[in-house]
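Student: I would like to work through the terms used for this structure, one at a time. Can we start from the definitions?

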Amino acid sequence: MKFLKFFTLCSLALLAGCAGSSNGDDLEVPTNLPPICQGIDFVAEPDMRDLCGVRRVRYKAYINILQQRYLIKPADASIVKEKNRLELRFNNSLPIELPGVIAQDLEFSQEKRLEKIKNTYDYVEFFPKGQPRQRVFKLGIPTEAGRTHNFCFRIPERSGNARTRSVAMGTNIEQIACSEYERVLSLKNASK
């Protein structure tokens, strides 16, 4: 009788251990996945893990895995969740923190990671008379809470010489108020 109880407890513990690792919580998915690997469910397709650089976390006492979701536009843009804050990331630029309640509204579960965020992207570029080139854009990010959060940005001209601009420096995108974006848009419309 004791052996049967012991066997039953061991079997349940083994099954619980196997079931706990099947949801993908123990997978470390890199934040710089190539486009071919972005829509893959690494739980359902474990043979793609090595190809895409996904590995299993060995010790669950300390997990420092950034959660990430990709945007539809612009290409290769993503939102990364780091602790309780969100960062917008573009290639060759510094991360931009997204303030507000969007951190609570946007989900980062294993299923949502496979879906791209269907955002809006409005880019404006023009050369006003006697002024430097103006480049601004507006992102509308819908969330699972049913709200759309709007963020506006300015892309300043790069500083430095040609070598440092193309090799060593990324673009430092500045977050601006959306009223400033509308002002630049009205300047472009007035110059036509």
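Tutor: We can. A strand here is a DSSP run of E with at least two residues, a helix is a run of H or I with at least four, and both are numbered from the N terminus. Keep in mind that the model is predicted. By this count the protein has six helices and 10 strands.

Student: Which strands each supply at least two residues of the lining of the second largest pocket?

Tutor: Strand 3, residues 67-70, and strand 4, residues 78-82, each do so.

Student: What makes a residue part of the lining, and which residues are closest to the centre of that pocket?

Tutor: A lining residue has an atom within 4 Å of a point of the pocket. The second largest pocket holds about 210 Å³ of space. Its lining has 13 residues, and those closest to the centre are Thr 31, Asn 32, Gln 68, Asp 76 and Asn 91. Sorted by class, the lining has five nonpolar, six polar and two charged residues.

Student: Asp 76 is in that list. Why is Asp 76 called partly exposed?

Tutor: Partly exposed is the range between the buried cut-off, under 20% relative accessible area, and the exposed cut-off, over 50%. Asp 76 has 38%, so it is partly exposed. Asp 76 lies in the loop between strand 3 and strand 4. Its phi is positive, about 65°, although Asp 76 is not a glycine.

Student: Where does Pro 74 lie, and what is the peptide bond before it?

Tutor: Pro 74 is in the loop between strand 3 and strand 4. The peptide bond from Lys 73 to Pro 74 is cis, with omega near -10°.

Student: Asn 92 also has a positive phi. Is Asn 92 buried or exposed, and how do you know?

Tutor: Its relative accessible area is 60%, and exposed means over 50%, so Asn 92 is exposed. Asn 92 sits in the loop between strand 5 (85-89) and strand 6 (96-98). Its phi is about 55°, and Asn 92 is not a glycine.

Student: How do you know that Cys 37 and Cys 52 form a disulfide?

Tutor: The test is whether two cysteine sulfur atoms lie within 2.5 Å. For Cys 37 and Cys 52 the distance is 2.0 Å, so the pair counts as a disulfide. The pair links distant parts of the chain: Cys 37 is in the loop between strand 1 (27-28) and helix 2 (49-52), Cys 52 is in helix 2, and they are 15 residues apart. The angle about the S-S bond is -80°, and the link is left-handed.

Student: Why is Cys 37 called buried, and why is Cys 52?

Tutor: Cys 37 has a relative accessible area of 2%, which is under 20%, so it is buried. Cys 52 has 6%, also under 20%, so the name applies to it as well.

Student: How many disulfides does the structure hold?

Tutor: Two. Cys 152 and Cys 178 form a disulfide with their sulfur atoms 2.2 Å apart. Cys 152 is in strand 9 (residues 148-154) and Cys 178 in helix 6 (residues 178-190), so the pair ties together parts 26 residues apart in sequence. This link has 100° about the S-S bond and is right-handed. With bonded cysteines counted along the chain, the pattern is 1-2, 3-4.

Student: Are Cys 152 and Cys 178 buried or partly exposed, and what decides it?

Tutor: Cys 152 is at 1%, under the 20% limit, so it is buried. Cys 178 is at 24%, between 20% and 50%, so it is partly exposed.

Student: Why is Thr 143 called buried, and what is it in contact with?

Tutor: Thr 143 has 11% relative accessibility, and buried means under 20%, so it counts as buried. Thr 143 lies in the loop between strand 8 (134-142) and strand 9. Contact means heavy atoms within 4.5 Å. Leaving aside neighbours within four places in sequence, Thr 143 is in contact with Ile 102, Asp 105, Leu 106 and His 149.

Student: What share of the protein is buried?

Tutor: Of its 192 residues, 33% are buried. The protein exposes about 12,500 Å², and carbon and sulfur atoms supply 55% of that.

Note on methods. Residues are numbered from 1 along each chain as its sequence is written. This is a predicted model: local features need pLDDT of at least 70, side-chain atom pairs count only at pLDDT 80 or more; totals for chains, interfaces and linings use all residues. Side-chain values use heavy atoms; hydrogens and water are left out. On a 1 Å grid over the protein atoms alone, a cavity is a set of points where a 1.4 Å probe fits but cannot get out, and a pocket is an open set with protein on both sides within 12 Å along at least five of seven lines; lining residues have an atom within 4 Å of a point. Grid points are joined across faces, edges and corners, and a volume is the space filled by probe spheres set on the points. Ala, Val, Leu, Ile, Met, Phe, Trp, Tyr, Cys and Pro count as nonpolar, Asp, Glu, Lys and Arg as charged, and the others, Gly among them, as polar. Buried means under 20% relative accessible area, exposed over 50%, partly exposed in between (1.4 Å probe, protein chains only). Accessible areas come from the Shrake-Rupley method with a 1.4 Å probe; for residues, only the protein chains shown count as cover.
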